[in-house]
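Trainee: I am new to this structure and should like a close look at a single part of it, the surroundings of the DNA. Please describe that part in one connected account.

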Number of protein chains: 2
Amino acid sequence: MKGKARPPDGNGPRPPDGRPTLKTIAFMTGLGVTTVSRALKNAPDISADTKHRVQLVARQVGYRPNRAGVRLRTGKTNVISLLLNTDEQLMGFISDIIYGVSQELAGTPYHIILTPYSARSDPMDPVRYVVETQSADGIIISRTEPHDARVKYMTERQFPFATHGRTNMDIDHPWHDFDNQIFARNAVRCLAERGRSRLALLAPEPTLTYYRHMTEGFAEGLAASAVTEVPFRSVWVDQPIDDIRDRTAELLRRAGRPDGIVCGSGTSAFALVSAIEQCGLALGEDIDVVTKQSTKLVQMFRPRLIVVNEDFRLAGRELARALMGRINGRPTAELQSLSIPGGVVEPPEVPRPATVSLDTRLTAAMPK
Amino acid sequence: MKGKARPPDGNGPRPPDGRPTLKTIAFMTGLGVTTVSRALKNAPDISADTKHRVQLVARQVGYRPNRAGVRLRTGKTNVISLLLNTDEQLMGFISDIIYGVSQELAGTPYHIILTPYSARSDPMDPVRYVVETQSADGIIISRTEPHDARVKYMTERQFPFATHGRTNMDIDHPWHDFDNQIFARNAVRCLAERGRSRLALLAPEPTLTYYRHMTEGFAEGLAASAVTEVPFRSVWVDQPIDDIRDRTAELLRRAGRPDGIVCGSGTSAFALVSAIEQCGLALGEDIDVVTKQSTKLVQMFRPRLIVVNEDFRLAGRELARALMGRINGRPTAELQSLSIPGGVVEPPEVPRPATVSLDTRLTAAMPK
DNA sequence: GCTCCAGACTGAATCGATTCAAATGCGTCC
DNA sequence: GGACGCATTTGAATCGATTCAGTCTGGAGC
């Protein structure tokens with residue numbers, strides 16, 4: 001007999017903290033822990049009878065596997081990490097993504113952990129941290145770049161991830177994206193149809209992949225409608241709104257000012273409109289603005305804004321679905337989806353707009 | 001010799017996955033794991049010499065304790081759970097709280113886990129889940145009620161938590177709150193000074209504690225300034241903005257409409273202003289609105305809004321600080337803080353407002 | 001009667017950190 | 001010289017779930 005420091009645990013029905021463990025169930029059923037463990041995961045070498053019995057008891061006592069135990073033994077954390085940039089003006093955008101992700105993860109054992117970072121330090125840091133310490137089974141990132149170091153890093157290490165936005169690398173990975181190219185193209189066409197001929201684009205940061213999509217779509221629109229561009233490339237949607245407003249006002253006071261603006265984010269539309277009014281121009285008369293929106297707030301204020309909805313809850317759901325798919329070894333082709341802008345919502349004739357809700361269709365088939 | 005299935009691990013410098021463990025360091029230093037473990041936490045019975053050596057090696061190899069190991073053995077998760085209601089219009093509010101919390105937690109081993117819930121199901125569910133499964137060391141909740149079942153539950157189980165908002169129970173617990181009573185009182189005074197005499201209040205949901213603070217402050221203001229109230233109690237700040245707008249428009253078209261409104265949230269101010277303009281009234285002339293704001297977006301649009309800043313990042317920091325304090329056993333008195341509204345920012349004379357940044361002082365002393 | 005085998009089940013090791021109880025080394029004191 | 005105390009250090013058990021390598025039972029096959 002090996003000198004036990006204390007007599008072995010009496011195997012009583014429950015440990016002191018009250019939570020049932022495998023041992024509890026083993027004791028109650030008179031089986032061994034191994035059998036219980038295997039019975040709960042429907043292993044083939046356990047008799048159907050035993051499985052039922054074990055599962056019944058487990059349900060009765062409210063058994064839930066101890067996460068630390070599983071994690072220590074298997075390395076599986078049942079956690080997915082949401083990397084989020086904390087220095088942007090996110091405006092409900094984040095909470096919608098979070099909501100979508102958690103919707104998709106409800107009913108699974110997954111927890112969502114937030115890993116905040118600031119662009120002021122190295123964006124690789126949080127990725128490295130999660131991968132190295134294996135603190136999650138997968139990561140969702142946004143602000144994706146054409147050649148994204150994070151994507152390269154995680155791919156090399158075979159660490160599951162999904163990106164909000166696409167890359168331009170020879171790496172095939174799960175992603176979800178909003179089709180900003182179509183958005184910009186349609187926006188230009190819409191402005192052209194309203195007789196606007198001198199258009200500016202308030203684009204995202206040039207380092208991000210969707211900058212390219214948006215500028216390309218914008219250029220295509222210009223070419224198709226024979227309208228001209230008023231360059232407005234020194235300011236981006238993620239900059240502080242005061243800056244955007246000031247630069248916009250500057251633009252509008254210059255000779256040859258635009259009579260139409262395509263705006264890449266709902267938040268910056270506030271700044272645009274503010275600048276327009278500050279310059280004494282009338283939205284919808286002297287100038288039109290087409291913008292993406294994720295809440296109805298902007299349009300509530302200014303019914304004459306032309307808006308296209310971007311559904312971030314959908315994005316959250318799709319990203320979670322893509323990441324889960326990767327973790328479960330599904331083929332990458334199933335894990336890429338593109339959200340097509342539902343269409344441009346033109347301002348209604350009546351001052352009081354009816355609320356317009358748009359379908360957003362996906363190119364990739366949705367299960368169920 | 002007990003029949004080992006496989007020869008014992010060669011104790012090689014590192015396990016296959018590359019992460020150093022206590023064993024790795026024990027091997028490198030020639031010490032036992034126990035010594036290494038104790039040396040790393042500065043136990044008094046380890047010689048200074050050994051401590052230095054162990055800590056040096058640990059730093060060199062980039063040792064980080066395995067969270068699952070610690071958690072399994074000690075029950076400490078190093079996780080705090082942020083409960084969040086997913087059916088509100090949160091508008092950047094959430095991301096600011098998150099930012100504040102993560103700011104405070106940076107440099108600690110704590111991770112932030114999100115536990116979303118919908119008010120449509122039982123708000124106790126997520127609390128019970130976290131407490132029962134011990135999936136976090138502490139919880140931060142918001143939407144606090146005067147008699148909050150969650151507070152009672154967690155207190156009974158001695159589970160650490162902090163609330164955003166106060167309670168009215170005979171339970172002393174960590175909290176952070178914004179002084180909505182002072183806010184409302186000052187708002188009324190401000191409106192009275194501008195010659196407004198018929199005031200309405202857009203209050204929060206009556207079940208929440210801060211409904212009382214805000215209505216009391218409002219009532220005090222009324223009494224002090226001899227202005228009258230126009231009842232507007234069938235609508236709350238957290239309702240869908242379309243509803244708020246519609247009800248406000250209704251109110252404004254009624255005889256004896258208010259000439260001043262105090263608004264309890266930045267988001268709903270959008271709806272108020274929209275309704276005002278829709279009714280053909282001019283903000284700042286026919287009617288004044290005092291509102292809380294957490295971003296500058298509202299005021300950017302309507303410089304004539306009168307605003308008071310509410311800093312949610314500060315709230316996040318304070319909540320995290322309070323919860324950490326509780327977990328570390330500090331006295332509750334240190335863990336309660338009230339954010340005093342910095343003052344009412346009246347609209348500037350010039351059309352283009354300078355950005356006004358307000359101090360927010362705390363009644364409780366801040367450490368450091 | 002014997003072996004062999006499949007089916008059902010289980011003991012014991014394992015993941016990494018903590019901690020109890022004990023061991024070791026060494027200098028002191030009577 | 002031997003017992004004692006002090007400062008250090010360490011083996012082994014422990015947390016809960018998983019899994020390798022068995023064991024045990026009963027029936028089939030020769």
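Mentor: In this predicted model, a useful starting point is T34(A), where an N or O atom of the side chain is 3.0 Å from a base oxygen of DNA strand D. Y63(A) turns to the phosphate instead: an N or O atom in the side chain of Y63(A) is 2.6 Å from a phosphate oxygen of DNA strand D. Chain B takes part as well, since a phosphate oxygen of DNA strand D lies 3.3 Å from a backbone N or O atom of S47(B). Four elements give two or more residues each to the surface near this strand, namely α2 (33–40) and α4 (67–74) of chain A and α2 (33–40) and α4 (67–74) of chain B. With five residues, α4(A) gives the most to the surface near DNA strand D.

The wider surroundings of this strand can now be added. DNA strand D has 25 residues around it, and those that come nearest are L22(A), Y63(A), R73(A), T34(B) and T35(B). Of the atoms of DNA strand D that come within 4 Å of the protein, 56% belong to sugar and phosphate. Sorted by class, the surface near DNA strand D has 12 polar, eight nonpolar and five charged residues.

Let us turn to the other strand. DNA strand C is surrounded by 25 residues, and here the closest are G32(A), T35(A), L22(B), Y63(B) and R73(B). Sugar or phosphate supplies 56% of the atoms of DNA strand C within 4 Å of the protein, and bases supply the rest. Several contacts from chain B reach the phosphates of this strand. A phosphate oxygen of DNA strand C lies 2.7 Å from a backbone N or O atom of L22(B), and another contact joins a phosphate oxygen to a polar side-chain atom of S37(B) at 3.2 Å. For Y63(B), an N or O atom in the side chain is 2.6 Å from a phosphate oxygen of DNA strand C.

The elements that give two or more residues to the surface near DNA strand C are α2 and α4 of chain A and α2 and α4 of chain B. The largest share of that surface comes from α4(B), with five residues. By class, the surface near DNA strand C has eight nonpolar, 12 polar and five charged residues.

The arrangement of the two protein chains helps in reading these two accounts together. Chain A is superposed on chain B by a rotation of 180° with 0.1 Å of shift along its axis, at an RMSD of 0.2 Å. This is the relation of a two-fold axis. Because 100% of the interface residues of chain A are also interface residues in chain B, the copies meet through the same surface.

One further pair belongs to this picture of the two chains. A search of the whole structure, over all chains, finds one aromatic pair. The ring centres of F270(A) and F270(B) are 5.5 Å apart and the ring planes lie at 80°, so the pair is edge-to-face. The pair joins two chains, because F270(A) lies in helix α11 (residues 266–278) of chain A and F270(B) in helix α11 (residues 266–278) of chain B. F270(A) has a relative accessible area of 0% and is therefore buried. F270(B) counts as buried too, at 0% relative accessibility.

How values were computed
Residues numbered from 1 in each chain as written. Chains lettered and ligands numbered in written order. Predicted model: local features only at pLDDT ≥ 70, side-chain atom pairs only at ≥ 80, totals over all residues. Heavy atoms only, no water. Near = heavy atom within 4 Å. Polar contact = N/O pair within 3.5 Å; in protein donor to acceptor, adjacent residues only side chain to side chain. Nonpolar A, V, L, I, M, F, W, Y, C, P; charged D, E, K, R; others polar. Least-squares fit on C-alpha atoms with pLDDT ≥ 70 in both. Contact = heavy atoms within 4.5 Å. Phe/Tyr/Trp six-rings, centres within 6.5 Å; stacked < 30°, edge-to-face > 60°. Buried < 20%, exposed > 50% of the residue type's maximum accessible area, 1.4 Å probe, protein only.
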